[in-house]
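Work through the following exercises with the sequence and the model open beside you. Each task is followed by a solution that goes step by step.

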Amino acid sequence: MPKETIDTLVIGAGQAGVAMSEHLGRAGILHLVLEKDRIAERWRSGRWDSLVANGPAWHDRFPGMEFDGDGEAFVGKDDVADYFERYAGKLGAPIRCGVEVTRLTRLDGQAGFRVETSDGVIEARNVVSATGPFQTPVIPPVVPQDAPVTQLHSAAYRNPQALPEGAVLVVGAGSSGVQIADELNRAGRQVYLSVGPHGRPPRRYRERDFVWWLGVLGLWDIEAPAPGTEHVTIAVSGAEGGRTIDFRRLASEGITLVGRTESYAAGRISFAGDLRANVEGGDADYLAMLDKADAFVARNGLDLPEEPEARALLPDPDCMLSPLETLDLAEAGITSIIWATGYALDYGWMDLDVFDETGRPRHQRGVSPERGLYFLGLPWLSRRGSSFIWGVWHDAKHIADQIAIQHTYDTYDAEARGLGSGSEAAE
């Protein structure tokens with residue numbers, strides 16, 4: 001099979017890859033995007049059936065195209081995938097689907113990379129890894145796989161009907177865990193929700209969505225997380241038209257809250273005694289955001305109605321007053337455990353020394369120390385918004401600019417070696 005060459009190869013055609021293609025095209029940089037499945041496939045098959053975007057349509061989009069319909073609506077996952085397919089079509093993005101990258105190595109004695117794929121070898125001067133943060137689902141090794149209970153990651157959950165009959169333990173208090181627990185409870189299942197440390201912003205406050213408040217308060221542009229908070233989950237949801245996550249309300253609607261899931265033995269699962277602290281930590285985060293919003297309104301003289309009822313907290317439910325320490329799965333009728341416990345990065349296909357001791361890429365705003373290699377779509381790549389739809393678009397522009405800058409240096413070098421005649425550069 002003949003070798004293919006390209007200036008810049010983008011790996012992944014999700015929101016990051018599509019954004020990268022737009023900015024490379026604008027810069028006049030010849031490029032190719034490889035996608036092992038379909039465009040934005042993770043939105044289609046890597047999510048549960050009822051998932052919607054966590055931000056309203058007016059915000060969670062690229063600048064070049066709006067979603068159809070109500071801008072305040074939270075768009076369903078398939079419509080989000082369709083949006084990126086249409087956007088790529090509008091760009092005429094050079095995306096090749098059904099091609100998986102299996103190995104990436106540095107070329108010997110020359111600039112660029114050798115990229116081995118399921119469709120042959122490609123040599124590229126630049127490579128952008130746009131594979132995103134949701135690569136390998138993580139299930140903590142707490143409950144043995146041979147335990148008499150169905151275990152699955154939230155990435156494999158689809159709907160209540162697909163689970164065995166019986167009660168469900170959902171582990172994880174971020175957006176995924178809360179939405180899945182709520183859906184199961186609405187479907188008539190007995191649900192236990194394991195709540196760890198989390199942030200809990202208001203969905204909407206004083207007639208403005210949470211994403212608007214983050215924007216005007218400058219919080220999307222924070223360049224680094226507070227120490228120890230990089231991986232703290234955020235409990236926010238656009239489900240049911242969007243409403244503030246309230247764990248006390250979920251308990252009042254029938255969900256049993258428990259602390260962090262710690263261990264398993266002889267059919268019993270044990271929980272940490274941190275439920276109250278975790279819920280109250282989320283309350284503090286929530287109230288702090290209201291304080292910042294109120295201060296912003298007062299300082300700027302905005303005509304946004306006060307909302308004192310937003311500060312009223314429901315009484316602590318019984319499951320917080322007398323939290324469960326252990327739970328016998330059989331006695332509780334629990335037949336399924338859903339682990340909403342996040343993802344790990346997987347760069348096993350990349351044979352390059354560009355990772356730290358934890359396996360995370362070393363980079364500065366997506367620019368790797370290996371010349372010509374870039375990363376896009378990761379959390380906190382440049383700021384808080386980096387792994388969100390609109391944020392990845394801006395990060396992609398920065399990376400395209402960096403590639404264009406390197407082209408300038410390469411052009412100078414070629415002309416200098418041609419002693420100003422440009423003959424070698426032309427050749």
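**Exercise 1.** Decide whether D209 is buried or exposed, and say what surrounds it.

*Solution.* Start with the accessibility: D209 counts as buried because its relative accessibility is 4%, where buried means under 20% relative accessible area, exposed over 50%, and partly exposed in between (1.4 Å probe, protein chains only). This is a predicted model, in which local features need pLDDT of at least 70 and side-chain atom pairs count only at pLDDT 80 or more, while totals for chains, interfaces and linings use all residues. Residues are numbered from 1 along each chain as its sequence is written, and side-chain values use heavy atoms, with hydrogens and water left out.

Next, place the residue: D209 lies in strand β13, residues 208-209 (strands are DSSP runs of E with at least two residues, helices runs of H or I with at least four, numbered from the N terminus). Then list its surroundings: leaving aside neighbours within four places in sequence, D209 is in contact (heavy atoms within 4.5 Å) with P56, F74, R203 and R204. Finally, a polar atom of the D209 side chain lies 3.0 Å from the backbone nitrogen of V211.

**Exercise 2.** Find which side chains make polar contacts with the side chain of S382.

*Solution.* First locate S382, which lies in the loop between β21 (373-375) and α10 (389-417). With 8% relative accessibility, S382 counts as buried. A polar contact is a pair of N or O atoms within 3.5 Å; within protein, one must be able to donate a hydrogen and the other to accept it, and residues adjacent in sequence count only if both atoms are side-chain atoms. The side chain of S382 makes such a contact with the side chain of D395 at 2.5 Å, and another, of 3.1 Å, with the side chain of R383. When neighbours within four places in sequence are left aside, the residues in contact with S382 are E223, R365 and D395.

**Exercise 3.** Work out which residues of strand β10 are buried on each side, and how β10 is joined to β9.

*Solution.* Begin with the general rule that in a regular strand the side chains alternate between the two faces of the sheet. In β10 (residues 191-194), V191 and L193 are on one side and Y192 and S194 on the other, and all of them are buried, so that both faces are covered. Then turn to the pairing: β9 (residues 167-171) runs parallel to β10, and 4 bridges join them (two strands pair if DSSP finds at least two bridges between them). One of the partners can be named, since V171 has S194 as its bridge partner in β10.
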